[in-house]
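Subject: Structure handover

Hello,

Here is the structure I promised to pass on. Please open it first, then read my notes below.

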Amino acid sequence: MSETHHVVIVGGGAAGIGASLGLASLGIPHLLVERGELGGQLHAVGGLLRDVPGAEDVEAERLCDLWRRRLDAAGVPVLRTEVAYVDVQPDAEARYALHLAGSGEVLRTRILLLATGASPRRLGIPGEELVPEAYTLSTSRNPERFAGLHVAIVGGGDRALEGGLNLLPHARQITLITRSRRLRGRPAWAERLVSARHVTWRPETRLVRIARDADGTLLLTLAPEGAPEEVLRVDALLLRLGMAAHVPPLGEAIASALERREDGSLRTGEGGETSLVGVYAAGDVATPSPFRSVANAWAQGLRAAKAIALKLWERR
Ligand SMILES: Cc1cc2nc3c(=O)[nH]c(=O)nc-3n(C[C@H](O)[C@H](O)[C@H](O)COP(=O)(O)OP(=O)(O)OC[C@H]3O[C@@H](n4cnc5c(N)ncnc54)[C@H](O)[C@@H]3O)c2cc1C
């Protein structure tokens, strides 16, 4: 099957939903495609969101519910599937072809908004597959489950430090492992964490291999700079290496034309226009990591909606 649309948004997180509601209020028909749960990363937020305008101290799940209801009320069609591959074709009225995972179906569209967010940066080392939960395990929901455990945390940004602080009252021991000699996260959090009696910081150290012994203990092979490898035995592991912009697989013609920053995020103009005519981007996929937030993603979605509407109206 093949359908043609004027506008397709890929990604139903804060940016995609913000854009979709923006387009709906401007009277622009469109399709929203989401492969998982509407709300995206918000489902990984354990605690309260304190910095969303108009929704002080709100639970992330409540915000997702509110957004879902608003999409329903606006009558936005939502297709629950994954865009496996995006390609370009010669037809200017339906330039982008979105190949859907599994079904072999293709959606064609003149305007494509990528709101595909960010996903945890991977280590890419042997044994990583033994601990898939290490990337997403929440430390704010039920931190008691870490009671009495030795927990290793890899990473030195805010999420790593926050995870460590959440575990301070529960874990028996925490080992913080960073490649760098300095911690990137908030200085106040870093100081509180590394000064705790049961926390050991291993700077300039790389985790190079993960194994598990018969009783479930994790065996982490560490490579400290300038010293021989050693094995650290821990009960749990948190991998907090930051989030990388997530762009779906692209055909060669699109991939080579889309400008990116060094960190992989897409470069955009003021209304989310990318370097490719008809392709817009909003939210984490288009934002360098220190500046990512729900409010930013939503606002970028709204800006892209306005820019897309102006583009379509130009032709009338
Ligand atoms: C643990 C955690 C805590 C955070 N805490 C806060 C906080 O307190 N305050 C704050 O402001 N921000 C916080 N953030 C950041 C904030 O959640 C994000 O910046 C924001 O939600 C990004 O929205 P987005 O729409 O750009 O991306 P995402 O939420 O990542 O949404 C992208 C969506 O695209 C979908 N998608 C991707 N590829 C495809 C595809 N090929 N086909 C179909 N669908 C696809 C994904 O399934 C996802 O739903 C936190 C993030 C995390 C992970």
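Start with Glu-204, which sits in the loop between strand E12 (199–202) and strand E13 (205–212). Its phi is near 50°, a positive value in a residue other than glycine. Glu-204 has 15 other C-beta atoms within 10 Å, so it counts as partly exposed. Keep in mind that this is a predicted model.

Asn-142 also has a positive phi, of about 45°, although it is not a glycine. Look for Asn-142 in the loop between strand E9 (118–120) and E10. Is Asn-142 buried or exposed? It is exposed, because the count of other C-beta atoms within 10 Å is 10, and 12 or fewer makes a residue exposed.

**Domains**

The domain assignment splits the protein in two. Domain 1 covers 2–120 + 243–314. Domain 2 covers 128–239. Taken over C-alpha atoms, their centres are 33 Å apart. Where the domains meet, 4 residues of domain 1 are in contact with 5 residues of domain 2. On the domain 1 side, the touching residues are 2 nonpolar and 2 polar, with no charged ones.

**Strand E8 and its partners**

Next, strand E8 (residues 106–114). Which strands pair with it? Take them one by one.

- Strand E1 (residues 2–10) runs parallel to E8, with 8 bridges between them. Here Ser-2 stands opposite Val-106.
- Strand E7 (residues 96–100) is antiparallel to E8, over 4 bridges. Here His-99 stands opposite Val-106.
- Strand E18 (residues 279–281) is parallel to E8 and is joined to it by 3 bridges. Here Leu-114 has Ala-281 as its bridge partner.

Val-106 therefore makes a good place to begin on screen: it faces Ser-2 and also His-99. E7 and E8 also form a hairpin, with 5 residues between them. In that turn, Gly-102 has a positive phi of about 80°.

**Cores**

The largest nonpolar core has 47 residues. Which of them touch the most other members? They are Leu-113, Leu-114 and Ala-282. Helix H6 gives this core its largest share, 7 residues. A second, separate core has 26 residues, including Val-154, Ile-174, Leu-207 and Ile-210.

Leu-114 deserves a look of its own. Beyond residues up to four places away in sequence, Leu-114 touches Val-10, Gly-11, Val-247, Leu-266, Val-279, Ala-281 and Val-285. One of these, Ala-281, is also its bridge partner in E18.

**Strands E10 and E11**

Strand E10 (residues 150–154) and E11 pair in parallel, over 5 bridges. Val-154 has Ile-177 in E11 as its bridge partner. Why is strand E11 (residues 173–177) described as largely enclosed by the rest of the structure? Because 4 of its 5 residues are buried.

**Around the ligand**

The ligand has 33 residues around it. Gly-11, Gly-13, Gly-40, Gly-117 and Gly-283 come nearest. Three elements give two or more residues to this shell: helix H1 (14–25), strand E2 (31–34) and helix H6 (294–314). By class, the shell has 15 nonpolar, 12 polar and 6 charged residues. Gly-11 turns up twice: it is among the nearest to the ligand, and it is touched by Leu-114.

**Two last residues**

Trp-298 is in helix H6. Is Trp-298 buried or exposed? It counts as buried, because it has 24 C-beta neighbours inside 10 Å, and 20 or more is the cut-off. Leaving aside neighbours within four places in sequence, Trp-298 is in contact with Ala-14, Ala-15 and Gly-18. Val-76 lies 222 residues from Trp-298 in sequence, and their C-alpha atoms are 17 Å apart.

Pro-53 is in the loop between strand E3 (48–49) and strand E4 (58–59). Pro-53 is exposed, because it has 9 other C-beta atoms within 10 Å. From Pro-53 to Arg-80 is 27 residues along the chain, and 28 Å between C-alpha atoms.

Best wishes

Technical notes: Residues numbered from 1 in each chain as written. Predicted model: local features only at pLDDT ≥ 70, side-chain atom pairs only at ≥ 80, totals over all residues. Near = placed C-beta within 6 Å. Nonpolar A, V, L, I, M, F, W, Y, C, P; charged D, E, K, R; others polar. Pairing = 2+ DSSP bridges. Core = buried A, V, L, I, M, F, W, Y, C linked by C-beta atoms within 7 Å. Contact = placed C-beta atoms within 7 Å. Domains from an automatic or database assignment.
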